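The exercises below are meant to be worked with the sequence and the coordinates side by side. Each task is followed by a solution that goes step by step.

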Amino acid sequence: SEAKSANIIIGEKAAIVIAMTAIPEEVRVAPVGPMGDGNGVIGVATPAADDRPRTRFAGVAMAHLDIPRGGGAARVGLAFDITDQLSVQAAALIGPNTGGYAGASFTFLPGGLRPFVAVGMPMFFSDGPRYGLRAGGGLEIVITRHVSIVAELGIEVLLNPENDILKAVLIPALGATGRL
């Protein structure tokens, strides 16, 4: 912001000294501690070094555990964030019986700890097509803007189960999401 001037006649020599100093950079200090703001408030995490928003598209991989029957299935697919809180998902179900899954989830809080509710419709093939409804809730733990860990407890109600299959069962799910 400094300025200097001088008058020089032809043939003369002159020196003008301008001292330059660097503008100090803004220093970001990341608080140290557990996820949360340190006061027991969930949904507020330590700010990431890269504070750009996460992308709307995500790859999803979840393990659904059918504990009463000792089995399970993998849910592998894509998710799209319609808003910061509402996301839709389409996935394949891979296990003893294959199929598909369509669903949506709603998160309540921004930040690193994101509690959510989810609904979905699993469909798989076991002696013909089998349809169900899934409702659950859980927690997404945002590790970085690219990676999250997800834990969900859901109840699945089969609309047309086989004779030896329970109509309603609790199915926990654990997995991760990845974003570019």
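Buried means under 20% relative accessible area, exposed means over 50%, and partly exposed covers what lies in between. The model is a predicted one, and the values below are computed from it.

**Exercise 1. Describe the secondary structure of the chain and how much of the chain is buried.**

Step 1. The chain has zero helices and eight strands, so that, read from the N terminus, its elements run β-β-β-β-β-β-β-β.
Step 2. Of its 180 residues, 28% count as buried, while the chain exposes about 11,900 Å², with carbon and sulfur atoms supplying 66% of that area.
Step 3. Among contacts with a separation of 6 or more, 42% are accounted for by residues 24 or more positions apart.

**Exercise 2. Classify Phe 106 by its accessibility, and work out which aromatic pair it belongs to.**

Step 1. Phe 106 is found in strand 4, and its relative accessibility is 33%.
Step 2. Because this value is neither under 20% nor over 50%, Phe 106 counts as partly exposed.
Step 3. The structure holds two aromatic pairs; one of them is formed by Phe 57 and Phe 80, is tilted, and has 4.9 Å centre to centre with 50° between the planes.
Step 4. Phe 57 lies in strand 1 and Phe 80 in strand 2, so this pair ties together parts that are 23 residues apart in sequence; Phe 57 is exposed at 56%, whereas Phe 80 is partly exposed at 30%.
Step 5. Phe 106 pairs with Phe 108 in an edge-to-face arrangement, at 5.6 Å centre to centre and 80° between the planes, and Phe 108 is partly exposed at 44%.
Step 6. Phe 57, Phe 80, Phe 106 and Phe 108 are among the residues that make a nonpolar surface patch of about 670 Å², which also includes Ile 82, Leu 86, Val 88 and Val 117.

**Exercise 3. Trace the salt bridges of Glu 140 and Arg 134, and state which parts of the chain they link.**

Step 1. The count of salt bridges comes to five, and one of them joins the side chains of Glu 140 and Arg 54 at 3.0 Å, N to O.
Step 2. Glu 140 lies in strand 6 and Arg 54 in the segment before strand 1, so the pair ties together parts that are 86 residues apart in sequence; Glu 140 is buried at 7%, but Arg 54 is partly exposed at 21%.
Step 3. Arg 134 in strand 6 forms a salt bridge with Glu 152, the closest N and O atoms being 3.1 Å apart, and Glu 152 is in strand 7, 18 residues away in sequence.
Step 4. Arg 134 also meets Glu 156 in a salt bridge of 2.9 Å, N to O, again linking strand 6 with strand 7, here 22 residues apart.
Step 5. Arg 134 is buried at 3%, as are Glu 152 and Glu 156, the latter at 15%.
Step 6. Salt bridges with shared partners join Arg 54, Arg 114 and Glu 140 into one network.

**Exercise 4. Is Thr 107 buried or exposed, and which side chain does it meet in a polar contact?**

Step 1. Thr 107, in strand 4, has a relative accessible area of 5% and is therefore buried.
Step 2. Its side chain makes a polar contact of 3.1 Å with that of Arg 114.
Step 3. Leaving aside residues up to four places away in sequence, Thr 107 touches Asp 84, Gln 85, Arg 114, Pro 115, Phe 116 and Glu 140.

Definitions and conventions: Residues are numbered from 1 along each chain as its sequence is written. This is a predicted model: local features need pLDDT of at least 70, side-chain atom pairs count only at pLDDT 80 or more; totals for chains, interfaces and linings use all residues. Side-chain values use heavy atoms; hydrogens and water are left out. Helices (H or I, at least four residues) and strands (E, at least two) are DSSP runs, numbered from the N terminus. Buried means under 20% relative accessible area, exposed over 50%, partly exposed in between (1.4 Å probe, protein chains only). Contact means heavy atoms within 4.5 Å. Accessible areas come from the Shrake-Rupley method with a 1.4 Å probe; for residues, only the protein chains shown count as cover. A polar contact is a pair of N or O atoms within 3.5 Å; within protein, one must be able to donate a hydrogen and the other to accept it, and residues adjacent in sequence count only if both atoms are side-chain atoms. Patches are made of residues with over 30% relative accessible area and no salt bridge: like charges are joined within 9 Å, nonpolar side chains (Val, Leu, Ile, Met, Phe, Trp, Tyr) within 5 Å. A salt bridge is a side-chain nitrogen of Lys or Arg within 4 Å of a carboxyl oxygen of Asp or Glu. Rings of Phe, Tyr and Trp (its six-membered ring) pair if their centres lie within 6.5 Å; planes under 30 degrees apart count as stacked, over 60 as edge-to-face and the rest as tilted.
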